[in-house]
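Visitor: I should like a close look at one single part of this model, and then an account of how the rest can be read beside it. Would you please choose the part and guide me through it step by step?

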Amino acid sequence: MREAGRRGPDEQAVLVAAGLAHLAVSALGTALGTVRGLLRRSDATELAAQAEQDLTARGRLVLDRYAAAPPPHLEVLARHALAARERTGDDV
């Protein structure tokens, strides 16, 4: 068997892809087990409604944080200039 540092790029790509596939299958198996456990609960409907509310609130926070456009740069500068003018009493 060859040393780890002496693999060709094709062999390395296959090994990485196989590792990722194994990780995905393991994660999927764990997730399915969790879902099966949740479906057996008597309060599954309430739990789903709470999860929906939580996801909606998280989505709203993300959109509020990243979707709001900042004020135009020149508008901010103009407001600062106006406030400075008002403080000094200049009528230029």
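**A close look at helix H3**

Guide: Arg-79 and Glu-75 both belong to helix H3, where they stand four residues apart, about one turn of the helix. This is a predicted model, and a word on confidence should therefore come before the details, because pLDDT expresses the predictor's confidence in each residue. The protein chain has a mean pLDDT of 85, with 91% of its residues at 70 or more. Among the elements of the chain, helix H3, residues 73-88, has the highest mean pLDDT, 91, whereas helix H2, residues 44-66, has the lowest, 87. As a general caution, predicted coordinates should not be read in detail where pLDDT is low.

Let us return to the pair with which we began. Arg-79 forms a salt bridge with Glu-75, and their closest N and O atoms are 3.1 Å apart. The two partners differ in their class of exposure: Arg-79 counts as exposed because its relative accessibility is 55%, and this lies over the 50% cut-off. Glu-75, at 36% relative accessibility, counts as partly exposed, since that class runs between 20% and 50%. In general, side chains of opposite charge can pair when their charged atoms come close.

The overall form of helix H3 may be considered next. It has 16 residues and reaches 23 Å from its first C-alpha to its last, close to the 22 Å expected at 1.5 Å a residue. Helix H3 also contains Arg-85, which counts as partly exposed at 37% relative accessibility. The C-alpha atom of Arg-85 is separated by 66 Å from that of His-22, a residue 63 positions away along the chain. After the helix comes Gly-89, whose phi is positive, near 85°.

Helix H2 offers a useful parallel. It has 23 residues and reaches 33 Å from its first C-alpha to its last, close to the 33 Å expected at 1.5 Å a residue. The number of its 23 residues that are buried is zero, so helix H2 lies largely in the open. Here Arg-58 forms a salt bridge with Asp-54, with the closest N and O atoms 3.1 Å apart. Because Arg-58 and Asp-54 are four residues apart in helix H2, about one helical turn separates them. Arg-58 is exposed, with a relative accessible area of 52%, while Asp-54 counts as partly exposed at 39% relative accessibility.

How many salt bridges are there by this rule? The count comes to three. Besides those of the two helices just described, Asp-43 forms a salt bridge with Arg-41, and their closest N and O atoms are 3.0 Å apart. Asp-43 is partly exposed, with a relative accessible area of 25%, and Arg-41 is partly exposed as well, with a relative accessible area of 40%.

A surface feature without charge completes the account. Val-16, Leu-20 and Leu-23 form a nonpolar patch on the surface, and together they have about 290 Å² of accessible area. Of these, Leu-20 lies in helix H1, residues 9-39. Leu-20 counts as exposed because its relative accessibility is 54%.

Key
Residues are numbered from 1 along each chain as its sequence is written. This is a predicted model: local features need pLDDT of at least 70, side-chain atom pairs count only at pLDDT 80 or more; totals for chains, interfaces and linings use all residues. Side-chain values use heavy atoms; hydrogens and water are left out. pLDDT is the predictor's confidence in each residue, from 0 to 100. Helices (H or I, at least four residues) and strands (E, at least two) are DSSP runs, numbered from the N terminus. Patches are made of residues with over 30% relative accessible area and no salt bridge: like charges are joined within 9 Å, nonpolar side chains (Val, Leu, Ile, Met, Phe, Trp, Tyr) within 5 Å. Accessible areas come from the Shrake-Rupley method with a 1.4 Å probe; for residues, only the protein chains shown count as cover. A salt bridge is a side-chain nitrogen of Lys or Arg within 4 Å of a carboxyl oxygen of Asp or Glu. Buried means under 20% relative accessible area, exposed over 50%, partly exposed in between (1.4 Å probe, protein chains only). The expected span of a helix is 1.5 Å times one less than its number of residues.
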